Protein chains: 2
Amino acid sequence: MLIECVPNVSEGRRAEIIAAMVEAIRQVSGVRVLDVSSDASHNRSVLTLVGDAAGVERDVLVRVERAVADIDLRTHRGEHPRLGAVDVVPFIPIEGVTMADCAALSRKVGAVVAERYGVPVYLYEEASTNPARKNLEDIRRGEFEGLTAKMTTPGWAPDFGPSAPHPSAGASVVGARMPLIAYNINLATDRLDVAKQIASAIRQSSGGFRYVKAMGVTLADRGIVQVSMNLSNFEKTPLARVFEAVKREAARYGVAILESEIVGLVPSAALSGAAEFYLQLGNFRADQVLETKLRQLG
Amino acid sequence: MLIECVPNVSEGRRAEIIAAMVEAIRQVSGVRVLDVSSDASHNRSVLTLVGDAAGVERDVLVRVERAVADIDLRTHRGEHPRLGAVDVVPFIPIEGVTMADCAALSRKVGAVVAERYGVPVYLYEEASTNPARKNLEDIRRGEFEGLTAKMTTPGWAPDFGPSAPHPSAGASVVGARMPLIAYNINLATDRLDVAKQIASAIRQSSGGFRYVKAMGVTLADRGIVQVSMNLSNFEKTPLARVFEAVKREAARYGVAILESEIVGLVPSAALSGAAEFYLQLGNFRADQVLETKLRQLG
C-alpha cells in the first residue's frame with residue numbers, strides 16, 4: 001500500500017528547524033521522504049513523503065508535535081496564506097489504497113491531532129462531508145490572523161478539537177485528494193495571446209475541464225509561450241485529453257505544440273494512462289506492469 | 001537494482017518436479033517469482049523471476065543443480081527445441097542496471113555452472129562475443145540429439161565447460177537481452193490478407209523494424225484479424241513507433257485499428273516511453289515517476 005502525504009509547514013527560513021523537520025522523518029518507520037522544498041519568501045516548506053497508512057499517520061503526529069514546539073504563527077510572516085503551523089496535510093492514494101481509505105485516514109489522524117495537541121482540525125477535499133468546506137482556499141480565507149473570529153462564525157466550527165485556535169499553532173487542514181500534476185505545454189510561437197486563449201479554453205474556471213487550472217505565460221529566454229497547468233485529478237481529466245485539447249485549440253491559431261513537460265513527480269498510472277489511450281490498449285491491467293506486480297508481491 | 005531472469009527448463013509435464021522447482025525459488029533470497037508457465041506439449045516450463053544480481057545468480061545455480069538431478073534429456077520428448085535441462089537463461093536489465101552488467105553476469109554465472117555442474121555453457125545475444133553465436137536459434141539448431149556432433153564442429157566449442165554435453169543435462173545457453181513484449185494489434189476487419197500484409201511490412205525478416213517479429217492471424221470468435229507481434233527491444237523499436245506504422249499501413253487498405261493489447265508483463269519504461277512520445281514530453285527523467293523514485297530510495 002502506497003499513500004503519498006504532502007505536509008505544508010509554516011517554516012521556510014530557519015535552516016536548523018527545516019533540517020530538524022527532515023531528520024524527524026527519517027526517524028519514523030514506514031515512511032520515506034521524496035522531496036523537501038522550502039521557500040523563504042513564502043516562509044513555508046512542502047514535504048513529500050510516501051508510506052503506508054501507519055507510517056504517514058506516525059509522521060503527521062511527529063510533524064505536529066515539532067511544529068507546535070518550534071513555530072509561532074503570532075510572529076510568522078510570509079507571502080503564502082496559512083492558518084497554522086502544520087498548515088495543510090493531504091493524503092493521496094497512489095497504489096493499493098482507495099480515496100475512501102485516505103478520507104478515513106484523514107478523519108482518524110485529524111481526531112488524534114486535535115485531541116493530543118489541542119490543535120483544531122478542518123477536513124477538506126475528499127475528506128470533507130460539508131460541500132461548503134471542501135475547497136482549501138475557502139477554509140483558509142482570513143488566515144491565522146482572522147481565525148479566532150472565523151471559528152465562531154456559524155458553519156465554521158472545526159471538524160475536530162477546540163472551538164478556538166491553538167495560541168501559537170493556529171489550526172490544521174487535513175484531507176484526501178488525488179495527486180497534483182504540474183504540466184506545461186510549450187507552443188511554437190511567441191504569441192502570448194494564443195497561450196492565454198488556450199488556457200482560458202481548457203481551465204475549469206472559464207468553462208474547460210473540471211480538474212484543470214491553467215494560465216498563459218511567456219518564456220522570455222526561449223522566445224516562446226507556455227500553457228502552464230495544474231491537473232488535480234488525472235483519472236478524471238487525463239493528461240492525454242488535456243494535451244489533445246491544447247493541440248486542437250493551438251491549431252485553430254495556426255500554432256503547433258513544441259513540447260510538453262512534467263514538473264516534479266508524476267504517478268506511474270498517469271503515464272501508463274496516456275500510453276493506454278494512444279496505443280488504444282484494451283483490457284490492460286495495472287498488474288501487467290512488471291514493477292507494479294513486483295510491488296504487489298511486497 | 002532489478003534484473004529479470006527467465007529460465008526455460010525442459011520439464012512441463014511432471015507436476016511434482018514443477019512444484020519443487022517453484023518451491024526452490026521461494027527458498028532463494030533476493031529473488032521473487034512473477035510467473036510460472038508450464039506447457040505439457042512443449043514439455044517445458046518458463047519461470048519469470050526478478051531480483052538483484054546476487055539473487056538471480058543464486059537462483060540459476062539452484063535451478064541447474066535441481067535440473068541435473070531431476071531431468072534426463074535422453075528420455076525427454078516435447079515439441080519445443082531444446083539443448084539442455086536448464087535450456088536457456090536470459091538476464092534482462094529492468095532498473096538501475098545496464099545491459100553490459102547483465103552480459104557480465106551471464107559470463108560469471110556461465111563459468112560457475114560449467115565448473116560446478118559440468119554442464120557446458122554457450123553465451124548468447126548481448127553476452128556473446130562471437131557474431132555467429134548471438135542468435136538462440138543458431139545455437140540450438142540440432143537440439144540435444146545433435147549436440148555431441150555439433151560441439152566437435154569447428155566454431156562450436158562452448159564458451160565454458162567440457163567439450164562434450166553433460167550426459168543427461170546437455171548444455172545450457174546463458175545470456176543477456178532486452179525484455180520481450182508480446183504486443184498484438186486488432187484490426188476492424190475480417191480480412192486476413194490485410195493483417196498479413198501489415199505484418200510483412202513491419203517485421204524485420206521482410207524489411208521492417210529491426211526488433212519486430214509479426215504475423216497476421218484470424219480471431220475467428222470475434223470475426224476480426226490481428227497483427228500478432230513480439231518486440232524484442234522496446235528502446236530501439238518502441239511501442240509507439242510500431243503502433244503508428246501499423247495504423248498507417250492499415251489506413252492504406254481503408255482499415256482502422258480496433259484496439260491493441262499487451263500479453264503478460266511489460267516494463268514500466270515501455271509504457272512511459274509511449275507517453276513521452278505522444279505527449280511530446282521534453283527533458284523527462286525516469287526518476288520523475290513517483291514509484292521509480294521510491295524504488296531508487298531502496
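Ala275(B) comes closest to the rotation axis of all the residues of chain B, with its C-alpha at 2.5 Å. What is this axis? Turn chain B by 180°, with 0.0 Å of shift along the axis, and it superposes on chain A with an RMSD of 0.1 Å. The two copies are thus related as by a two-fold rotation axis. Keep in mind that this is a predicted model.

Now look at where the chains touch. Chain B gives 35 residues to the contact, and chain A gives 35 residues. On the side of chain B that touches chain A, several elements supply at least two residues each: strand 3 (31-39), helix 7, strand 11 (257-263), helix 8 and helix 9. Helix 8 of chain B provides the largest share, six residues. By class, this side of chain B divides into 22 nonpolar, eight polar and five charged residues. Which surface does each copy use? Of the interface residues of chain B, 100% are also interface residues in chain A, so the copies meet through the same surface.

Next, follow helix 8 in both chains. Helix 8 of chain A packs against helix 8 of chain B at an angle of about 65°, and their axes are 8 Å apart. Angles of 65 to 115 degrees count as roughly perpendicular, and these two helices are therefore roughly perpendicular to each other. Their crossing is left-handed. From chain A, the residues that meet the partner helix are Ser268(A), Leu271(A), Ser272(A), Ala274(A), Ala275(A) and Tyr278(A). From chain B come Ser268(B), Leu271(B), Ser272(B), Ala274(B), Ala275(B) and Tyr278(B). This helix-to-helix contact has eight nonpolar, four polar and no charged residues. Why might such contact residues recur along a helix? An α-helix has 3.6 residues a turn, so residues three or four places apart point the same way.

Is helix 8 of chain A mostly covered or mostly open? It is mostly covered: ten of its eleven residues, in the stretch 268-278, are buried. Among the buried ones are Gly273(A), Glu276(A) and Tyr278(A). The cover comes from both chains. In chain A, it includes strand 8 (181-187) and helix 7. In chain B, it includes helix 7 (239-251), helix 8 (268-278) and helix 9 (290-297). Just after helix 8 of chain A, Gln280(A) takes a positive phi of about 50°.

Stay in chain A and move to another helix pair. Helix 6 (residues 192-202) and helix 7 (residues 239-251) have axes that come within 10 Å and cross at roughly 135°. Helix 6 of chain A and helix 7 of chain A are therefore oblique to each other. Here the crossing is right-handed. Helix 6 of chain A brings Val194(A), Ile198(A), Ala201(A) and Ile202(A) to the contact. Helix 7 of chain A answers with Val242(A), Ala245(A), Val246(A), Glu249(A) and Ala250(A). The contact has eight nonpolar residues, no polar ones and one charged residue.

Finish at a loop. Gly96(A) lies between strand 5 (86-95) and helix 3 (99-117) of chain A. How exposed is Gly96(A)? It has 14 C-beta neighbours inside 10 Å, so Gly96(A) counts as partly exposed. Leaving aside neighbours within four places in sequence, Gly96(A) is in contact with Met1(A) and Leu2(A). Tyr211(A) is 115 residues from Gly96(A) in sequence, and the two are 23 Å apart in space, C-alpha to C-alpha.

Definitions and conventions
Residues numbered from 1 in each chain as written. Chains lettered and ligands numbered in written order. Predicted model: local features only at pLDDT ≥ 70, side-chain atom pairs only at ≥ 80, totals over all residues. Axes fitted to C-alpha atoms, helices over the stretch in contact; angles between N-to-C directions. Helix = DSSP H or I, 4+ residues; strand = E, 2+ residues; numbered from the N terminus. Parallel < 35°, antiparallel > 145°, perpendicular 65-115°, else oblique. Left-handed = near helix turned anticlockwise from the far one by under 90°. Contact = placed C-beta atoms within 7 Å. Nonpolar A, V, L, I, M, F, W, Y, C, P; charged D, E, K, R; others polar. Buried ≥ 20, exposed ≤ 12 C-beta atoms within 10 Å, placed from the backbone. Least-squares fit on C-alpha atoms with pLDDT ≥ 70 in both.
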